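Good morning, colleagues. I should like to take a few minutes on backbone angles and cysteines. Please look at the display.

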Amino acid sequence: MKEAGIPEGSCWNQTGIYGSRECSRLAEVIHCRSCGVYQTAGRALFDRLPAEDSIDRWTEQLSAVPDADAAERTSLVVFRLGAEWFALPAERVREGVAPGPWRSVPHRSGKEFLGIMSVRGDLMPYFSLAAVLGIETEADSTSELVLVCGGEGRRLVFPVGAILGARRLILGEESRPPATVGRAADAYTRWLVRHHVGSIAVLDAERLFGALEALLR
């Protein structure tokens, strides 16, 4: 994983949180975002000189006639479970991070509700979204990324295979999935969108998170 606009060959991509994690400072700062090296590099991005053609590009972009479809585009965070791509509304996704320590809950943990995970000290319900959706994937314990979702006070976390990032996609009537559903994932799919990575199932966030919270009762 690489932060947008920051060189890939930097220490955080080699020995830091996105690399081998062998950096001796990680034990102290937990995440590279808290390290002075990373913060200095971030400030340098804002201090860099603009490209020679930046004024022309911004003028062209701001003076362009708005795309008729622009108003229908929705900001989504796209992620992968197994071999399949899914998306959730961006406002319901907090961040993608490396998994924190977690433990099962006696008499409660199972295939779908795995337990409680600590993400930077915050304890959150830890689910297997793949199990909820009936997706065949690698073991959740081997995942190197988890997606933190929800708002303040109602966060939850689940492992993913990869995060494509935020995308603005058109959700039109032609994106409606067939009425006939089979798998659990189909029941939670509100839209199907074609993308260069393949078909993306846009999940019904309200229904999905309601089902996840019901597992805790």
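Let me begin with R120, which lies in the loop between β5 and β6, the latter covering residues 122-127. Please bear in mind that this is a predicted model. The phi of R120 is near 50°, a positive value in a residue other than glycine. As for its surroundings, R120 has 48% relative accessibility and therefore counts as partly exposed.

A second residue deserves attention in this context. H107 is likewise not a glycine, yet its phi is positive, at about 70°. This histidine sits in the loop that connects β4, residues 102-103, with β5, residues 113-119. Is H107 buried or exposed? With a relative accessible area of 85%, H107 is exposed.

I turn now to the cysteines. How many disulfides does a search of the whole structure find? The result is zero. Why is there no bond at C11? The closest cysteine sulfur to that of C11 belongs to C35, and the separation is 6.3 Å, which is too far for a bond. The cut-off that applies here is 2.5 Å between the two sulfur atoms. For C23, the closest cysteine sulfur is again found in C35, in this case at 6.4 Å, so the distance is too far for a bond.

Regarding accessibility, C11 counts as partly exposed because its relative value is 38%. C23, at 29% relative accessibility, is also classed as partly exposed.

Thank you for your attention; I welcome your comments.

Notes. Residues are numbered from 1 along each chain as its sequence is written. This is a predicted model: local features need pLDDT of at least 70, side-chain atom pairs count only at pLDDT 80 or more; totals for chains, interfaces and linings use all residues. Side-chain values use heavy atoms; hydrogens and water are left out. Buried means under 20% relative accessible area, exposed over 50%, partly exposed in between (1.4 Å probe, protein chains only). Helices (H or I, at least four residues) and strands (E, at least two) are DSSP runs, numbered from the N terminus.
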